[in-house]
Amino acid sequence: METHRQDGRPPRRTPKPCLWYNNAVDGSTSQFVFTAAPEAALVAFREIQRVDPKARLLDWLAPGIGRAATDLEWDRLAATLRRRPPLFVRHVCPVQVTVRLAGSRQDLDLLSDAAATLKPSLNPSLSFSVQTRILADQTVYGRFNVNERLAAVLSADGAAIDVRQPAQVLSVVCTLDQGYLGLSQTADNLSDWAGGERRFKREQGQVSRSEFKLLEAMELFGLEFPSGGQGLDLGAAPGGWTRVMRRHAMRVVAVDPAQLHPILASDPVVEHVRQLAHSFLTNPRYADLRFDVILSDARMDARDSARLMVMAADRLRRDGWALVTLKLPQRDMAEIAIRAIRILRPRYFVVGARQLFHDRSEITVALTLRGAAPNRTGP
Ligand SMILES: C[S@@+](CC[C@H](N)C(=O)[O-])C[C@H]1O[C@@H](n2cnc3c(N)ncnc32)[C@H](O)[C@@H]1O
């Protein structure tokens, strides 16, 4: 017998718990969710199609977040993307189970049931984490509620949770009426962070937002400052990247016609050269300087930035590394990025290149000198 609510009306219809596996949706082998900056989302999908011409876009779950189907198995797709890392796709995760959601607290039970069906695929000897993104505008539950509930389901047999460096991730993407779940090796997702959203806490004394960009790039590409080394910062003002280098006890030559933040302007270990980068690199006064790290965040056309880095290559020590942001226009962003990278290649080995979470209309490229053994990890 149906019980009525206290107000006398019949009970609200709640959808039946309903799970189905992805390949029942449209006959494809697998589905996945990919994430990019909203303005680069289509370009990102085209990158995926380059490695998997049969990939089909199913829908946009939110700006920059697409769901797609492919005939490739997830493992094959992930391996191909790792071998040929895309520039604009920040994150990718499989969809192995889809669940209909109601936008109520009951969703947590539905998602838990869905997670339980994936449990047999979890390797209990490896750490895991649940990474949830709630794309719907609702306040009934948040990503922490989902993370907590689903982590309890997966850890029931003793699998260890590691939120910072999990070996496996259960990715959960919730829209208003659908939940998409998929279990994968973290390394297959292109980023250790849900949707590639690597956030840092603002630090006291921080000079610019660009600092996050440098920190994110170093983490993603596995770069480290040699303590006490010599750094060159091209296009340095107001000095965020210079500040990060100083925090790692680097000596810095900061090149920019614009002013540095007073903290850096008064730092005796920062030499501020108020010239254009090109003038600095051709100035005989500085010709003998050699650097362990060369950074360039100069605001200029991507191809000019690449040419500048080629000029700077002679100043980089053989075991050093370089990092450059390539500023891209809205139109033809992929083509211009590829052309700029082509300019770099004769002198540099590309350790990694990506439109980072903290990048604006640009990509960030990590480099070592061609001929020098690449000794760093990175995509
Ligand atoms: C995005 S800001 C750099 C921000 C810096 N990375 C930070 O963390 O504070 C770009 C800078 O490039 C500088 N710039 C543009 N063209 C340049 C050039 N040809 N040579 C040197 N600096 C240049 C601008 O003056 C500007 O200060």
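Of the 379 residues of the chain, 43% count as buried. The model on display is a predicted one. With the whole chain in view, its C-alpha trace spans about 90 × 45 × 40 Å along the principal axes. Colouring by secondary structure should bring out eleven helices and 16 strands. Among the contacts in the chain with a separation of 6 or more, 66% join residues that lie 24 or more positions apart.

**The ligand**

Select the ligand and then the residues around it. The shell consists of 22 residues, and the closest are Ser208, Ser210, Gly235, Gly240 and Asp297. Two elements, α6 (210–221) and α7 (240–247), give two or more residues to this shell. Coloured by class, the shell around the ligand shows 13 nonpolar, five polar and four charged residues.

**Helices α6 and α7**

Keep these two helices in view and hide the remainder. Two packed helices are described by the angle between their axes and the distance between the axes. For α6 and α7 the angle is about 50° and the axes are 8 Å apart. α6 is therefore oblique to α7. Their crossing is right-handed. To see the contact itself, display Ser210, Glu211, Leu214 and Leu215 in α6, which meet Gly240, Trp241, Arg243 and Val244 in α7. The residues of this contact divide into four nonpolar, two polar and two charged. Ser210 of α6 and Gly240 of α7 take part in this contact, and both are also listed among the closest residues to the ligand.

**Alanine 194**

Next, select alanine 194, which is placed in the loop between β9 (178–185) and α6. Is this alanine buried or exposed? Alanine 194 has 22 C-beta neighbours inside 10 Å, and since 20 or more are required, it counts as buried. Leaving aside residues up to four places away in sequence, alanine 194 touches Gln131, Thr132 and Arg133. A distance label drawn from alanine 194 to valine 173, C-alpha to C-alpha, should read 9.5 Å; the two are 21 residues apart in sequence.

**Helices α4 and α5**

Move to helix α4 (residues 106–118) and helix α5 (residues 143–154), which pack at an angle of about 35° with their axes 9 Å apart. The crossing of α4 and α5 is right-handed. On the α4 side, show Leu108, Leu111, Ser112, Ala115 and Ala116; these meet Asn145, Val146, Arg149, Leu150, Val153 and Leu154 in α5. By class, the contact of α4 with α5 comprises eight nonpolar, two polar and one charged residues.

**Helices α10 and α11**

The last stop is the pair formed by helix α10 (residues 302–312) and helix α11 (residues 333–344). How do their axes lie with respect to each other? The axes of α10 and α11 come within 8 Å and cross at roughly 10°. The two helices are therefore roughly parallel to each other. α10 passes α11 in a right-handed crossing. Display Ala302, Arg303, Ser305, Ala306, Arg307, Met309 and Val310 of α10 together with Ile336, Ala337, Arg339, Ala340, Ile343 and Leu344 of α11, as these residues make the contact. Colouring by class divides the residues of the contact of α10 with α11 into nine nonpolar, one polar and three charged.

Technical notes. Residues are numbered from 1 along each chain as its sequence is written. This is a predicted model: local features need pLDDT of at least 70, side-chain atom pairs count only at pLDDT 80 or more; totals for chains, interfaces and linings use all residues. A residue is near a molecule or strand if its C-beta atom, placed from the backbone, lies within 6 Å of it. Helices (H or I, at least four residues) and strands (E, at least two) are DSSP runs, numbered from the N terminus. Ala, Val, Leu, Ile, Met, Phe, Trp, Tyr, Cys and Pro count as nonpolar, Asp, Glu, Lys and Arg as charged, and the others, Gly among them, as polar. Axes are lines fitted to C-alpha atoms, for helices over the stretch in contact, and angles run from 0 to 180 degrees between N-to-C directions. Angles under 35 degrees count as roughly parallel, over 145 as roughly antiparallel, 65 to 115 as roughly perpendicular and the rest as oblique. A crossing is left-handed if the near helix is turned anticlockwise from the far one by less than a right angle, and right-handed if clockwise. Two residues are in contact if their C-beta atoms, placed from the backbone, lie within 7 Å. A residue is buried if 20 or more other C-beta atoms lie within 10 Å of its own, exposed if 12 or fewer, and partly exposed in between; C-beta atoms are placed from the backbone.
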